[in-house]
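User: I'd like to walk through a two-chain model by asking short questions. Can you take them in turn?

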Amino acid sequence: MSDEKILEVKDLRTSFFIEGNEIKAVDGVTFDVPKGKTLGIVGESGSGKSISALSILQLIDSPGEIVGGEINFKGQNLLDYSEAQMRKVRGNQISMIFQEPMTSLNPVYTIGQQIREALKIHRGLDKKDGTEKSVELLELVGIPSPRKRVTQYPFELSGGMRQRVMIAMALACNPELLIADEPTTALDVTIQAQILELIKELQEEMGMSVVMITHDLGVVAETCDYVAVMYCGKVVEYADVKTLFKNPRHPYTVGLLNSLPRSDVDQEELIPIKGTVPAPHEMPDGCRFAPRCPFATDLCHSELPSLDDVGEGEQVRCWIYTDEWDGDPEVKVYEPEKRTSED
Amino acid sequence: MTVYIIRRILQLIPVLLGVTVLVFLLMHLTPGNPAQLMAGENAPPEMVEQIENRLGLNDPLPVQYFDYVAGVVQGDLGTSMRYNTPVIDEVGPRFWVTIELALYATVLSIFLGLIAGIISAVRQYSIADVSIMIVALFGLSMPNFWLGLMLMQWFSINLGWFPPTGWGSPEQVLLPVITLGTAGAAIIARMTRSSMLEVISQDYIRTARAKGVKERIIIYKHALKNALIPVVTVVGLQFGALLAGAVLTEEVFAINGMGRLLVDSIMNRDFPVVQACILIISVVFVVVNLLVDISYKFLNKRIDLND
């Protein structure tokens, strides 16, 4: 990966302090976003993907707190910024859209007022210019009769339309990075495709970089250039999207792919990942995936592997790919032709 | 909107009719004869009867009631039995004193309540929050006549800062307004706090933060407007309690308002004045709550008043 990096997250740690306990929601997460590209962050609920995204903009509410790491945006560590400096980044250089379009817009202000706000803060546009720009933005995101829409309230719009408004709002100041936190999860399938298509189009048009948070590998395949797979607050695999789908390395990634219906291979059944995600306060000592991993050895259960390079910019957090591996040296983690259950 | 307001005003009619029936019956069914009171305890029966005839007290009750309602509809609230003057002349000037007292107390309770509630919500569980909520609990639990007497004892008698009685000058106004407004401020503070806490955790507040909006503007613009609806409801209902509280406050501070007039008139069985006072208080209460309902529309356009 020789591309210029717009965002480099290094060893990010975000914890929640509840009744004296530290819950490590994000526990040493590292990933890069190449300029103009899309990075997908994939994981189950509770894997820490949304908290990672919110941490980038420092939108973590108490009792959560970023306790360590670096978030380098264009070479500057955002964690060194003051709150006032961060406000100049938010909605301006880095924007964010959220999962729930139904509740993410303020119900008591018009669409126009809400889009104008960002333009006023970051560009100093007055009401008239702000309204003109808002109309343009609504047109850009494909909202019909935008001049009428700016005077309407969120309740007058459907979920898909509201997500378009959210996108228009996020793009108001031409951000260099857009963080999309499950932008299509709450939408109908047909609308999902439209919204993803829209984000992709706008990305090309504006040369933005995108961080796409999702639990849906279909969304990843469709929109992302690179993928970070997260499990229990850690990145377990990082690769470009083609490699990830063709040659997944981490048993968890393989598990996710096996549980996904596919049309390109002959598939007799879907194979679910056994077990459940461990609760935050009873994390295993070794590899967090070990209790559910079909290949786990004593080493896996006792010691945590590190995220190591395994090829052209690909990284994996698994003992199998290290010299210390104490299991079957010929182990095949992914066998696309022979997708049968282990038991 | 206009249709809604007209409909609500029409709904006033049965409410007020009900109020007149109730008050009329209550006054006439309780023991005590105004004519006897006017004539004096040892007056000869012929004199009492003469007064009764003059006041129309010997007519059948329904006739008396319809005479009264017919008068009210024409804008005539009757004649005070005690002073023999038109009721409107007795009630009018005192009505404004009470309204003034109630309005100042409302303004004070909204002002203090909102500020305290917002501070509490923004710094949940801080020392400020806990102290405000404890003070609010006291404010809520203190009977207002007792608070009035304590304030008077302390600030008027011990310290001599304020005159203990009367109404008109700013010094005279302060203590009664605090007395009457404290409970309301406490209720509004608690309501604002819980309402703000609920709103602050909403997704759209996070959206505003993600846009780069300043924390202060998030609180006062994005959160407060959403949090106000339940608070405004409480203010409207509280206004009724305030009018009732005004009766006690006026007694304590010897203010010649409608509350005091009402109590005196009940003592003297001055039926027309009692009826007029209660009718006016009812109208004020209903109108205030109509205004509250209309204000919802301005706070949240989604609310359809015609539903």
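Below are some questions and answers on this predicted model.

Analyst: A bit of housekeeping: residues are numbered from 1 along each chain as its sequence is written, while chains are lettered from A and ligands numbered from 1 in the order in which they are written. As this is a predicted model, local features need pLDDT of at least 70 and side-chain atom pairs count only at pLDDT 80 or more, though totals for chains, interfaces and linings use all residues.

User: What radius of gyration does chain A have, set against a compact globule with 343 residues?

Analyst: The rule for a globule is 2.2 Å times the number of residues to the power 0.38, with the radius taken over C-alpha atoms. The C-alpha trace of chain A spans about 70 × 45 × 40 Å along its principal axes. For 343 residues the rule gives a radius near 20 Å, and chain A agrees, with 21 Å.

User: How much of chain A is buried?

Analyst: Buried here means 20 or more other C-beta atoms within 10 Å of a residue's own; 12 or fewer is exposed, in between is partly exposed, and C-beta atoms are placed from the backbone. Out of 343 residues in chain A, the buried share is 44%.

User: Which strands stand at the edges of the open sheet in chain A?

Analyst: Helices (H or I, at least four residues) and strands (E, at least two) are DSSP runs numbered from the N terminus, and two strands pair if DSSP finds at least two bridges between them. The open sheet has 8 strands with mixed pairing, in the order β6-β7-β8-β3-β9-β10-β12-β11 of chain A. Two of them have a single partner strand each, so one side of each is left without a neighbour in the sheet: β6 and β11 (308-309) of chain A.

User: Which residue stands opposite A:Asp309?

Analyst: β11(A) is joined by 2 bridges to β12 (residues 315-316) of chain A, and the two run antiparallel. Within β12(A), the residue facing A:Asp309 is A:Gln315.

User: Where is the cis peptide bond that involves A:Pro63?

Analyst: Most peptide bonds are trans. A:Pro63 lies in the loop between α1 (49-56) and β4 (64-73) of chain A. With omega about 10 degrees, the cis bond joins A:Ser62 and A:Pro63.

User: A:Ser145 isn't a glycine, yet phi is positive. Is A:Ser145 buried or exposed?

Analyst: A:Ser145 has a phi of about 40 degrees and is found in the loop between α5 (127-140) and α6 (146-149) of chain A. There are 11 other C-beta atoms within 10 Å, so A:Ser145 counts as exposed.

User: And A:Lys74, how many other C-beta atoms lie within 10 Å?

Analyst: A:Lys74 has a positive phi too, about 50 degrees, and sits in the loop between β4 and β5 (76-77) of chain A. A:Lys74 is partly exposed because the count is 14.

User: Which element gives the most to the side of chain A that touches chain B?

Analyst: Two residues are in contact if their C-beta atoms, placed from the backbone, lie within 7 Å. The contact takes 24 residues from chain A and 19 residues from chain B. On chain A's side, α2 (83-89), β6 (94-97), α3 (101-104) and α4 (111-123) each supply at least two residues. With 4 residues, the one giving the most is α4(A).

User: How much helix is there over residues 95-292 of chain B?

Analyst: An unreviewed UniProt entry lists that stretch as "domain: ABC transmembrane type-1"; positions follow the numbering used here, feature names are shortened, and annotations may be inferred rather than shown by experiment. The end C-alpha atoms are 22 Å apart, strand is 0%, and helix is 84%.
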